[in-house]
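Q: I have a structure open and would like to talk it through. Could we begin with the vocabulary and then look at particular places?

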Amino acid sequence: MSKWPKHVTIKEVGPRDGLQNEPTVIATEDKIVWINQLSKTGLTYIEITSFVHPKWIPQLADAFDVATNIERVPGVTYAALVPNQKGLEKALAAQVDEVSVFMSASETHNRKNINKSIDDTYSVLAEVVHEAKSAPKTVRGYLSAVFGCPYEGAVSVDQVISVSEKLFEMGIDELSFGDTIGVANPRQVEKVLDSLLKRFPKEKLAMHFHDTRGTALANVLVSLEMGITTFDSSLGGLGGCPYAPGASGNVATDDLLYMLCGMNISTGVDREQLTEAALFIQNKIGRTLNSHHLLAISSCCS
Ligand code: HMG
Ligand code: MG
């Protein structure tokens, strides 16, 4: 029997993680066109925006307009990031399908990113999760700085497990583990996942690798070997957290898709339509994006 899964779910976070760190302001209409294109690629999950404070993330200040003007394709889950009760009210008014709460395994990154201690964050998120579930919405959790923090350096596996347990106790449906600043290596991923998989069901775990140091696909590969089948990625390799210095793009959806297709692992995503959507957003951003796939096709055509 093959050690590789037959199917992988790709969760496209480009319209949120991809754009939140982008200095070029993308017009609301262009975000809507882009999300509509992504909806037709076969992706089943798109994180479209975040309902955070607009002063903290100016690029996504149009969250409500984006969420209420896209064409919803049946079978696609449209999710948004929500930091607190105020964000939840807006997200529910905008009728998102899934709410994503987020916090960090590192005390300093948590404070820099959401202005609260880890302990103070629990009660805020517990209320959000409770209300979102009663709405009823599914809830995803994100845990950042799992493999290292830009302020504190190493983060212990015990700390990752302790915060994850609290998030699962709140009732989240899935937890995505973030290598926020792209420092993880495959051996470390194996070690962390080994501990996580002893405590939590693999179906509830997703991986969120940033590719700052070029190790993201290698980290995906080791996660696949360990039974993980849900990965977050951003088209073109866009992305990064503005409150994590040095953070750059997520693993590129187009590179991830290239690798999975070559390995005969199905995703349901159409490569040509995905490339069209990548070229669209590249053009709006006005520079060549970081994905290997986009670089390869630009050198083939020049
Ligand atoms: P705060 O200043 O502590 O908020 O910010 P507050 O509760 O003290 O309220 C202050 C004011 O903000 C009040 O208004 C609130 O109403 C308002 P005033 O009474 O002064 O007029 N306010 C809001 N307004 C709009 N939307 C809201 C909201 N909440 C309060 N939701 C807060 C706390 C969490 C809001 C802020 O720190 C924030 O917005 N942070 C977001 C940072 C962020 O988005 N970072 C990037 C996403 S995380 C990430 O990228 C990592 C990930 O990709 C995984 C990985 O890679 O590891 C997920
Ligand atoms: Mg991220």
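A: Certainly. Helices and strands here are DSSP runs, with at least four residues for a helix and at least two for a strand, numbered from the N terminus. With that in mind, Q95 can be placed in the loop between α4 and β4 (98-104). Please keep in mind that this is a predicted model.

Q: OK, so is Q95 buried or exposed?
A: Q95 is exposed, because its relative accessible area is 56% and the cut-off for exposed is over 50%.

Q: And what is the phi of Q95?
A: The phi of Q95 is positive, about 60°, although Q95 is not a glycine.

Q: Which residue other than glycine has a positive phi near 55°?
A: That is A145, whose phi is near 55°. A145 belongs to the loop between β5 and α7 (157-170).

Q: Is A145 buried or exposed?
A: A145 is buried, with a relative accessible area of 0%. By contrast, Q95 is exposed.

Q: Let's switch to the ligand. Where does ligand 1 sit?
A: Ligand 1 sits in the largest pocket. There are 26 residues around ligand 1, and those that come nearest are Q20, N84, N115, S144 and T180.

Q: Which helices and strands supply at least two residues of that shell each?
A: They are α1 (14-20), α4 (85-93), α5 (107-114) and β5 (138-144).

Q: How does the shell divide into nonpolar, polar and charged residues?
A: The shell around ligand 1 has 11 nonpolar residues, 11 polar residues and four charged ones.

Q: What about distances: how far is the side chain of Q20 from an oxygen atom of ligand 1?
A: An N or O atom in the side chain of Q20 lies 2.7 Å from an oxygen atom of ligand 1. For S144, a side-chain N or O atom is likewise 2.7 Å from an oxygen atom of the ligand. D17 also has a polar side-chain atom 2.9 Å from an oxygen atom of ligand 1.

Q: And how much of the ligand does the protein bury?
A: Ligand 1 exposes 1100 Å² when taken alone, and the protein buries 74% of that.

Q: Back to α5. Where is H109, and is it buried or exposed?
A: H109 is in helix α5. H109 is buried, with a relative accessible area of 0%.

Q: How far apart are H109 and C149?
A: In sequence, H109 and C149 are 40 residues apart, while their C-alpha atoms are 6.8 Å apart in space.

Q: What about V66 and I35?
A: V66 and I35 are 31 residues apart in sequence, and the C-alpha to C-alpha distance is 8.9 Å. V66 is part of helix α3 (residues 63-69). V66 counts as buried because its relative accessible area is 1%, and buried means under 20%.

Q: Now for the last helix on my list: how many residues of α10 are buried?
A: Helix α10 (residues 253-262) is mostly covered, with seven of its 10 residues buried. The buried residues of α10 are T253, D254, D255, L256, L257, M259 and L260.

Q: What does N264 do just after α10?
A: N264 takes a positive phi of about 65° there.

Q: Which side chain does S233 contact?
A: The side chain of S233 makes a polar contact of 2.8 Å with that of T253. S233 is found in strand β8 (residues 230-233) and is buried, with a relative accessible area of 0%. Its partner T253 is one of the buried residues of α10.

Q: Two prolines to finish. Where is P186, and how covered is it?
A: P186 lies in helix α8 (residues 186-199). P186 is partly exposed, with a relative accessible area of 30%. Between P186 and D255 there are 18 Å in space, C-alpha to C-alpha, and the two are 69 residues apart in sequence.

Q: And what is the peptide bond from A135 to P136 like?
A: The peptide bond from A135 to P136 is cis, with omega near -5°. P136 is in the loop between α6 (118-134) and β5.

Methods: Residues are numbered from 1 along each chain as its sequence is written. Chains are lettered from A and ligands numbered from 1 in the order in which they are written. This is a predicted model: local features need pLDDT of at least 70, side-chain atom pairs count only at pLDDT 80 or more; totals for chains, interfaces and linings use all residues. Side-chain values use heavy atoms; hydrogens and water are left out. A residue is near a molecule or strand if one of its heavy atoms lies within 4 Å of it. A polar contact is a pair of N or O atoms within 3.5 Å; within protein, one must be able to donate a hydrogen and the other to accept it, and residues adjacent in sequence count only if both atoms are side-chain atoms. Accessible areas come from the Shrake-Rupley method with a 1.4 Å probe; for residues, only the protein chains shown count as cover. On a 1 Å grid over the protein atoms alone, a cavity is a set of points where a 1.4 Å probe fits but cannot get out, and a pocket is an open set with protein on both sides within 12 Å along at least five of seven lines; lining residues have an atom within 4 Å of a point. A molecule sits in a cavity or pocket if more than half of its atoms lie within 2 Å of its grid points. Ala, Val, Leu, Ile, Met, Phe, Trp, Tyr, Cys and Pro count as nonpolar, Asp, Glu, Lys and Arg as charged, and the others, Gly among them, as polar. Buried means under 20% relative accessible area, exposed over 50%, partly exposed in between (1.4 Å probe, protein chains only).
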